[in-house]
Every structure is written in structure tokens, then in C-alpha cells.
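Got your viewer open? Load the model, colour it any way you like, and follow along stop by stop.

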Amino acid sequence: MPGKLKVKIVAGRHLPVMDRASDLTDAFVEVKFGNTTFKTDVYPKSLNPQWNSEWFKFEVDDEELQDEPLQITVLDHDTYSANDAIGKVYIDIDPLLYSEAATVISGWFPIYDTIHGIRGEINVVVKVDLFNDLNRFRQSSCGVKFFCTTSIPKCYRAVIIHGFVEELVVNEDPEYQWIDRIRTPRASNEARQRLISLMSGELQRKIGLKVLEMRGNAVVGYLQCFDLEGESGLVVRAIGTACTLDKLSNTSAFLPACNSPSKEMKEIPFNEDPNPNTHSSGPSTPLKNQTYSFSPSKSYSRQSSSSDTDLSLTPKTGMGSGSAGKEGGPFKTLLRQQTQSALEQREFPFFTLTTFPPGFLVHVGGVVSARSVKLLDRIHNPDEPETRDAWWAEIRQEIKSHAKALGCHAVVGYSESTSICEEVCILSASGTAAVLNPRFLQDGTMEGCLEQRLIEEASPPGCGFCHIPYDELNMPFPAHLTYCYNCRKQKVPDVLFTTIDLPVEAIVIGKGCLIQARLCRLKKKAQAEANATSISNLLPFMEYEVHTQLMNKLKLRGMNALFGLRIQITVGENMLMGLASATGVYLAALPAPGGIQIAGKTPNDGTYEQHISHMQKKINDTIAKNKELYEINPPELPEEIIGSPIPEPRQRSRLLRSQSESSDEVTELDLSHGKKDAFVLEIDDTDAMEDVHSLLTDVPPPSGI
């Protein structure tokens with residue numbers, strides 16, 4: 001027998017009064033695991049019973065240990081009627097199944113009732129004894145650790161970062177079964193509660209099996225979500241990043257070199273920065289001689305990966321691109337080509353991690369996202385996962401094509417979410433397109449002096465991740481580029497949005513702050529396909545308005561970059577809501593943001609002109625106050641830097657206009673305003689004026705957020 005589970009019920013406290021005659025309770029406990037149930041003795045007339053039961057023993061398979069929760073039910077004994085339920089406790093046994101984990105869980109657990117809430121506490125001791133099982137056909141994944149944190153835990157070191165893992169499990173929702181019409185609300189709630197626990201355990205076990213197939217031992221950035229689809233079923237899905245982790249000893253502060261199966265890789269002393277700076281965003285960490293490696297060769301999912309040559313939108317560039325300076329252009333282009341060829345035969349890597357060691361990120365392209373509206377009643381076989389798998393495969397393929405269009409070969413800070421209302425489901429996914437250092441590939445594809453020089457040239461410390469990964473002559477979207485204000489060798493965008501955390505090596509001026517955009521839009525009441533069409537038509541405009549709000553608020557605070565961006569779109573019966581949250585900072589490598597300038601068709605009214613002028617003054621004053629509040633004082637740029645090209649002091653005005661407007665109108669607007677670096681707000685109706693007013697009256701978050 002692979003495992004033995006032992007449970008002891010010690011005591012209870014603060015139980016509710018169940019006997020009105022004595023104002024006391026005759027409590028006892030049922031302990032259930034799988035199909036086996038044990039009971040304690042009844043402890044009469046007490047709200048703080050002391051059971052001190054014997055050890056209840058369950059002999060189970062390790063697969064059952066992962067799937068099944070330990071179910072503890074506290075009841076009040078009645079002699080002449082059915083026993084009354086006080087509440088339940090579900091205990092997940094999985095934390096006891098690791099090789100170095102503790103073998104005992106003990107303490108006070110809250111007793112929860114789905115009708116009345118918390119109803120006292122119970123003291124339980126749980127032990128697990130595992131036997132060695134060498135069966136390679138086993139269906140358990142005991143030993144795989146799960147971490148919700150999106151960075152490598154501090155007490156571990158990452159030997160290999162393997163790549164993306166995902167899984168979903170589907171079952172019929174108990175609240176939509178025929179028996180739900182005749183059972184009590186408590187019984188219905190508990191049936192769903194138990195099913196969710198079972199599905200969660202099964203999902204975690206299946207994810208663990210995929211990690212073991214990749215020869216990993218942990219999942220970092222583990223995100224588990226529950227989709228309540230009504231009559232279509234109940235879906236539990238999860239994504240994460242498979243890793244091989246080693247436990248750090250108390251005196252160890254180093255990460256290991258990659259044990260490559262094909263080539264030896266030299267260690268990189270990350271913290272030996274030849275150009276230390278005083279503007280670093282955080283304290284230095286003892287990361288000397290650290291190396292990570294990642295192996296994106298396998299991304300385990302149920303769907304077979306199709307060829308994505310038709311989505312290869314990476315700009316084709318020649319070696320002679322001199323726009324990035326005499327040294328930067330050829331080296332950067334060659335680095336991009338080397339990186340693409342190194343990953344050509346690999347599965348496109350997704351990473352749920354948001355924090356990486358210095359040197360892991362070469363370039364960041366920006367946020368990539370995809371959304372899709374689906375009808376749940378169109379699922380042909382609701383009890384099978386194939387349809388949902390196909391939906392998410394489409395979303396990931398679209399994310400992949402967006403990242404390739406930005407000249408990137410990976411997506412980091414990746415997350416997925418859904419919003420469901422009646423039969424309509426909105427699927428959303430987002431991440432940050434990035435170029436990762438090929439030196440960290442498991443098979444060591446980049447070695448030698450030339451490749452080392454390429455990385456050093458293309459990714460200077462502190463600013464390399466800001467440099468654009470795409471070719472500026474074939475950009476996938478209109479953008480204004482300038483030379484990096486730190487190294488003066490590569491081009492950078494005027495603003496940067498990402499879903500990852502601020503890199504440790506980033507040079508930041510001043511303090512960061514929370515920036516949030518909120519949006520609400522009414523929609524017509526409709527059913528089925530008409531409702532889905534209405535939502536699909538609204539989504540692009542909502543996305544645009546949310547990003548416009550973020551851009552305006554970022555400029556108003558005198559900042560030029562967003563990190564940790566999370567956008568939520570929620571659908572209801574009558575409206576759609578959007579919420580975007582991020583941390584705004586001022587990156588020294590990016591150009592200083594221009595001001596916000598109001599422009600519009602001015603009627604022949606002196607009062608209106610005066611109002612516009614007053615609003616403009618308030619905007620300018622607010623920007624100045626925010627710069628002082630967040631200590632944003634970028635250094636003056638020298639007139640000449642020997643050996644480095646000087647960026648032209650110009651910025652293209654970004655116009656909040658529809659794309660249908662002609663370029664002549666844009667040029668005319670540019671010429672009619674003095675500040676060429678201003679972010680122009682078009683005021684052509686009352687809604688636009690209200691947007692400006694709400695921008696100025698937005699309440700700042702409390703200090704420290």
C-alpha cells in the first residue's frame with residue numbers, strides 16, 4: 001500500500017448552541033477520506049468538547065491522497081431525530097506529500113457551514129506515511145511543489161526553468177442536477193464544495209504529472225481558476241511555469257550553474273556591474289555567480305502544437321541597419337537572428353513568472369493581449385474538455401503571433417482569465433512579449449566570444465531590457481523612438497507597458513505609484529448570439545479607452561513606464577466594466593514624458609476659451625505637483641557625449657483621434673500648437689471634457705501603495 005493517512009481529533013472550542021433547553025451542544029465528529037468514515041464519541045453538553053480520539057487510519061493510494069480532501073464533519077447528536085450539522089472542515093493533504101516536507105499538520109481549523117458561516121474551531125492532527133513506489137506507470141505526482149508566487153521562492157534556487165504547463169478539468173455542476181430540486185440548500189452547497197475540492201486536487205495532480213514528464217519538480221506562478229458555466233458545467237483550470245528547484249542551505253546564497261545535458265555553460269557573475277548606479281530600484285542582492293537556465297523545448301498541453309510558420313511576423317532585417325548607431329544596429333540585428341534561430345525548432349515559451357534574475361531578459365517588446373467571446377450553449381459535448389482546450393489554444397496562438405510581430409520569441413508575466421454572464425463567456429489572456437537571453441537555454445546554444453559580445457553590446461546593464469526588439473524600419477505599429485537616454489546606443493520607445501515586475505537592474509528616478517483606470521459601459525439587453533455580438537463590438541473600444549486613461553494618468557504623474565499591468569473586463573446583464581491597475585515609474589532610459597495639452601474645435605465663445613485655458617493651467621500645475629511629490633528630477637542631458645549619437649530633442653505628438661481621420665488634419669493640429677512633445681487631448685464633445693475633469697479629480701491612492 002503506497003500510503004497511510006492517520007487522523008486524530010483532539011478538541012473543539014466556541015461551538016454554537018444546538019440544544020435550546022440546555023444552551024449547550026452534544027457534539028461528535030465524523031472523519032471521512034474516500035469511501036471510509038470514522039466517528040468519535042459524543043461529548044455531551046459542552047461548547048468546548050475534548051474528544052482526544054484514537055488515531056483513525058486510512059490505507060490509500062498516493063493518487064487518492066492527491067485527489068481527495070480529508071473531510072471532517074462536526075455534528076450535534078440528537079436521540080429522537082436526525083443529527084444536526086454544525087459545520088465542515090476540508091483539509092488538503094498535498095502539502096504533506098513532498099520528500100522534504102513535514103509529515104504532520106496540526107492546529108485549530110475553523111468549522112465552516114455554507115449557511116451560517118464560521119461556527120467555532122476544531123483541533124486536528126494529521127499524519128502521512130508514504131512508502132516507496134517505483135512503478136513508472138503510476139498516476140500520481142507526489143513530490144511536485146506548487147508555488148503561487150510569480151518569482152522563484154527565496155528559500156530555493158532554480159536549476160532549470162522548463163516552460164509552460166496548463167490543464168483543465170470539467171464536470172457537471174451539482175447545482176444544475178435534477179436532484180438539486182429536492183435536496184436542501186445546505187446539501188446542494190456541500191455537494192458543490194466537495195466537487196470543487198476533488199477537481200482541484202485532480203487538476204493539481206495532472207499538472208504535476210506534466211512537470212514530472214519535463215523532469216521538473218515544482219510549479220512556480222501557479223494560477224488556478226474556477227469557471228462556473230451554469231448548465232454547461234463547472235471548469236477548473238490552471239497554468240504555471242515548470243521548474244527544477246533546489247532547496248537552499250542556510251549559508252548558501254548562490255544559484256547553481258546549469259547542468260546542461262549537451263554542453264557545459266560558464267557561470268555569469270550577474271552582480272559584477274561595471275557601471276553601478278545609485279538610481280537602482282531596489283537593494284542589491286547577493287546573486288554572485290548566478291545562472292539560470294530555461295528549457296522551453298516542451299510546453300505541455302493537451303492540444304498538439306501546429307506549425308506557426310504562417311504567423312511568423314518577425315520583421316526580416318538586413319545586417320546593415322545603421323539606424324541604431326554605428327555599433328548597435330548590426331550587433332542587435334545579429335543577436336535577434338541568433339535568438340530566433342536558436343528557438344526555431346522549439347515550442348513557443350510562455351512564462352507565468354514576473355520576476356527574473358539580472359540578464360535573463362534581453363529586451364521587452366510590450367504588452368500583448370487577446371480576448372474572445374464565446375457562447376457556452378454552443379459546446380457540443382459540455383462534459384469533455386476538448387472545446388475549452390481549443391478556445392484557449394486559439395487565444396495562445398494569437399498571443400504568440402502578437403509577440404512575433406514585436407520581434408520577440410517568448411511571453412513572460414502571462415496570465416489568463418474569464419468573465420461569464422449567463423451563456424456568454426469572455427476569455428482573456430495577456431503577457432509581455434520579450435527576448436530572453438539564449439545563454440540560458442538548456443542546451444547552451446550561445447557560447448563563444450562573438451555571442452558574448454553581442455549580448456553585452458545589445459543589453460547594457462540597467463537599460464538593455466528597454467531597447468526595442470523589433471526593427472524600427474518595419475514596425476508593427478506607429479510609434480516614436482529615440483536613442484536610449486542611458487547608453488545612447490539603441491532605440492527605445494517613448495513609453496513602456498509591461499505585465500512583469502520592475503527588473504532589479506532597472507534605473508529608476510524618483511518613486512513609483514499605483515495607476516488605475518476604471519471604465520463602465522452600458523450594453524443592450526439581448527440573448528445568445530446577439531448578446532455575444534454586442535459584447536464583441538464593445539470590447540475593442542473599451543480596451544482603447546482603458547489604455548487611453550492609463551496613458552493620460554501616466555503623463556499626469558510625469559512618468560513613462562507601467563509595470564505589473566493587470567486588465568480585467570467583466571460582463572454583466574446590462575453593462576461591461578473594465579479595471580486596469582499597474583505601478584507607474586520613471587525609467588531613466590526612456591525620454592521624459594511631454595505634458596498634456598488640450599486641443600479642440602473652439603466655438604466663438606470667450607467663456608469656453610477661458611474654461612479651456614483654466615483646465616490647461618490645472619493640468620500643468622498637477623503635473624508639476626506630481627513630479628515634486630514623486631521626486632522625479634531627471635538629470636540634465638549634456639550637449640555632447642563622446643562616442644555616442646545624440647538623440648534629437650523631438651517627440652511625435654500622440655493624438656487621441658480615430659484612425660479614420662486624415663493625416664492632413666493631424667498635421668494641421670501639430671502645427672497649430674507650440675509644444676511638439678505634448679500629449680494632445682481632443683476636446684470635441686462634453687464626454688471628452690468630463691474625461692479631462694475626472695482625470696484631474698482622480699483621488700490619489702494612500703501613501704505606500
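Among contacts between residues at least 6 apart in sequence, what percentage join residues at least 24 apart? In this protein it's 76%, with contact meaning heavy atoms within 4.5 Å.

A word on ground rules before you click. You're looking at a predicted model, where local features need pLDDT of at least 70 and side-chain atom pairs count only at pLDDT 80 or more, while totals for chains, interfaces and linings use all residues. Numbering starts from 1 along each chain as its sequence is written, and side-chain values use heavy atoms, with hydrogens and water left out.

**The whole thing**

Switch to cartoon: the protein has nine helices and 23 strands. These are DSSP runs numbered from the N terminus (helices are H or I, at least four residues; strands are E, at least two). Of the 705 residues, 52% are buried; that label means under 20% relative accessible area, with exposed over 50% and partly exposed in between (1.4 Å probe, protein chains only). Now show the surface: about 33,700 Å² is exposed, and carbon and sulfur atoms supply 50% of that. Those areas come from the Shrake-Rupley method with a 1.4 Å probe, and for residues only the protein chains shown count as cover.

**The largest core**

Select Leu245, Leu361, Val412, Leu436, Phe465 and Leu587: they have the most contacts inside the largest nonpolar core, which has 35 residues. Such a core is a set of buried Ala, Val, Leu, Ile, Met, Phe, Trp, Tyr and Cys residues joined through side-chain atoms within 4.5 Å. Strands that each supply at least two of its residues include S10 (156-171), S13 (361-375), S14 (410-421) and S21 (575-587). S10 gives the largest share, three residues. Another core, of 34 residues, lies apart from it; pick out Cys421, Leu550, Met559 and Tyr586 to find this one. As a general point, nonpolar side chains in soluble globular proteins tend to be buried together.

While you're in S14, click Ser415, which sits in that strand. Ser415 counts as buried because its relative accessibility is 17%. Leaving out residues up to four places away in sequence, Ser415 touches Leu223, Ile239, Ser428, Ala429 and Ser430.

**Two buried loop residues**

Next, go to Glu229, in the loop between S11 and S12. Is Glu229 buried or exposed? At 5% relative accessibility, Glu229 counts as buried. Not counting neighbours within four places in sequence, its contacts are Val235, Leu376, Ile379, Arg388 and Ile420. Draw a distance to Cys421: the two C-alpha atoms are 8.4 Å apart, though 192 residues separate them in sequence.

Then jump to Asn560, in the loop between helix H6 (528-556) and S20. Asn560 has 0% relative accessibility, so it counts as buried. Beyond residues up to four places away in sequence, Asn560 touches Asp494, Tyr586 and Leu590, among others. Pro591 is also one of the residues it touches, and the C-alpha atoms of Asn560 and Pro591 are 7.6 Å apart, with their positions 31 residues apart along the chain.

**Two helix stops**

In helix H2 (residues 185-213), select Leu209. Leu209 is buried, at 18% relative accessibility. Its C-alpha is 5.2 Å from that of Ser141, and the two are 68 residues apart in sequence.

Helix H7 (residues 606-629) holds Gln616. Gln616 is buried too, at 17% relative accessibility, and is in contact with Ile596, Gln597 and Ile598, leaving aside neighbours within four places in sequence.

**A cavity**

Where is the second largest cavity lined? Select Thr354, Thr355, Phe356, Pro357, Pro358, Leu361, Ile500, Asp501, Leu502, Pro503, Val504 and Glu505 to see its lining. Its volume is about 70 Å³, taken as the space filled by probe spheres set on grid points joined across faces, edges and corners. A cavity is a set of points on a 1 Å grid over the protein atoms alone where a 1.4 Å probe fits but cannot get out, and lining residues have an atom within 4 Å of a point.

**Last stop: a backbone oddity**

Most residues other than glycine have a negative phi. Find His14, in the loop between strand S1 (3-13) and strand S2 (27-33): its phi is positive, near 60°. His14 counts as exposed, at 56% relative accessibility.

Key. 1 Å grid on protein atoms, 1.4 Å probe; cavity = no way out; pocket = protein on both sides within 12 Å on 5 of 7 lines; lining within 4 Å.
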